[in-house]
Amino acid sequence: MNKYIDITNVVLKTDRLTLRPWRESDLSDFYEYARVDGVGQMAGWTPHRDIEESKTILSHFIEGRHDFALEYQGKVIGSLGVKEYNEKNYPELAALQGRELGYTLSKDYWGRGLMPEAVKAVVDWLFNEQKLDFIIVGHFDWNGQSKRVAQKCGFQYVKTTEFETRYGTMETCLEYIQYNPERSE
Ligand SMILES: CC(C)(COP(=O)(O)OP(=O)(O)OC[C@H]1O[C@@H](n2cnc3c(N)ncnc32)[C@H](O)[C@@H]1OP(=O)(O)O)[C@@H](O)C(=O)NCCC(=O)NCCS
């Protein structure tokens with residue numbers, strides 16, 4: 001089952017990044033990367049058409065309290081959400097507590113290992129502080145970049161599902177899981 005998560009006042013530091021809750025003042029940084037073609041589509045959403053669309057999504061991030069902003073050298077360059085996983089796909093996990101991670105990085109910063117660094121920090125926090133039993137990540141079958149993040153962060157393939165994108169396609173989604181090494185059986 002999904003565990004309730006609230007990241008209010010949570011700040012995670014890695015070597016290069018600060019992960020912290022989104023703020024209204026992040027709007028222009030958010031729009032700057034979310035408007036770029038070929039980024040959001042890899043995660044199932046379309047590039048933002050205007051700054052108003054970014055403002056709407058940003059308010060969902062702030063109110064939802066489970067999406068981290070990724071700050072790098074004073075600028076927000078991505079997001080990492082501790083989303084609810086689809087419980088219907090995992091009846092075998094009903095007695096355990098978990099969540100699913102979803103992430104996007106500005107295209108200008110791809111290929112520097114920044115997202116694996118952020119994912120590892122959030123996995124550590126979710127396992128050590130929030131005591132989750134498992135964490136899921138998934139990617140569309142054609143998204144090799146996201147697959148590499150899952151591999152680098154120690155996730156193991158678990159199953160294939162179908163996912164309907166915001167732009168109306170059905171995508172095959174490969175899903176991966178990682179269990180808390182400290183979890184009691
Ligand atoms: C997936 C994503 C978060 C990876 O972040 P990242 O910090 O660049 O991750 P890494 O630096 O570890 O790179 C991962 C892989 O991307 C590929 N890659 C790196 N730079 C790239 C570039 N400029 N263009 C295309 N692919 C690139 C490489 O295959 C790399 O794997 P490698 O390190 O084994 O060579 C980022 O590509 C992204 O935001 N993509 C769009 C949104 C998305 O796919 N989100 C996930 C949805 S499930």
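This short talk covers the ligand site of a predicted model and the sheet and helices around that site.

Good morning, colleagues. I shall begin with the ligand. Its shell comprises 21 residues. The closest of these are Tyr-103, Gly-113, Asn-143, Arg-148 and Lys-152. By class, 10 of the shell residues are nonpolar, eight are polar and three are charged.

Let me turn to the polar contacts. Which side chain places an N or O atom 2.5 Å from an oxygen atom of the ligand? That side chain belongs to Arg-148, a residue already named among the closest. Two further contacts involve the backbone. At Leu-105, a polar backbone atom is 2.7 Å from an oxygen atom of the ligand. At Leu-114, a backbone N or O atom lies 3.4 Å from a ligand oxygen. As for burial, the ligand taken alone exposes 930 Å², and the protein buries 74% of that area.

Which elements give two or more residues to this shell? They are the strands β5, residues 98–105, and β6, residues 134–140, together with the helices α3, residues 114–128, and α4, residues 144–152. The largest share, five residues, comes from α4.

I now move from the site to the sheet. It is an open sheet of eight strands with mixed pairing, in the order β1-β2-β3-β4-β5-β6-β8-β7. The edge strands are β1, residues 12–13, and β7, residues 156–164, and each of them pairs on one side only.

Both helices of the ligand shell also meet this sheet. Helix α3 packs on it, touching β1, β2, β3, β4, β5, β6 and β8. The direction of α3 makes about 160° with that of β5. Helix α4 lies across β5, β6 and β8. Relative to β6, α4 runs at about 160°.

Finally, consider the edge formed by β7. How does β7 run relative to β8, parallel or antiparallel? The two strands run antiparallel, and eight bridges join them. Two of the facing pairs may be named: Tyr-157 has Tyr-176 in β8 as its bridge partner, and Thr-160 stands opposite Leu-174 in β8. Together β7 and β8 form a hairpin, with five residues between the strands. Within that turn, Gly-168 has a positive phi of about 85°.

To summarise, β5, β6, α3 and α4 each give two or more residues to the ligand shell, and α3 packs on the sheet, while α4 lies across β5, β6 and β8. Thank you for your attention.

Note on methods. Residues numbered from 1 in each chain as written. Predicted model: local features only at pLDDT ≥ 70, side-chain atom pairs only at ≥ 80, totals over all residues. Heavy atoms only, no water. Near = heavy atom within 4 Å. Polar contact = N/O pair within 3.5 Å; in protein donor to acceptor, adjacent residues only side chain to side chain. Areas by Shrake-Rupley, 256 points an atom, 1.4 Å probe, with all protein chains shown as cover. Helix = DSSP H or I, 4+ residues; strand = E, 2+ residues; numbered from the N terminus. Nonpolar A, V, L, I, M, F, W, Y, C, P; charged D, E, K, R; others polar. Pairing = 2+ DSSP bridges. Contact = heavy atoms within 4.5 Å. Axes fitted to C-alpha atoms, helices over the stretch in contact; angles between N-to-C directions.
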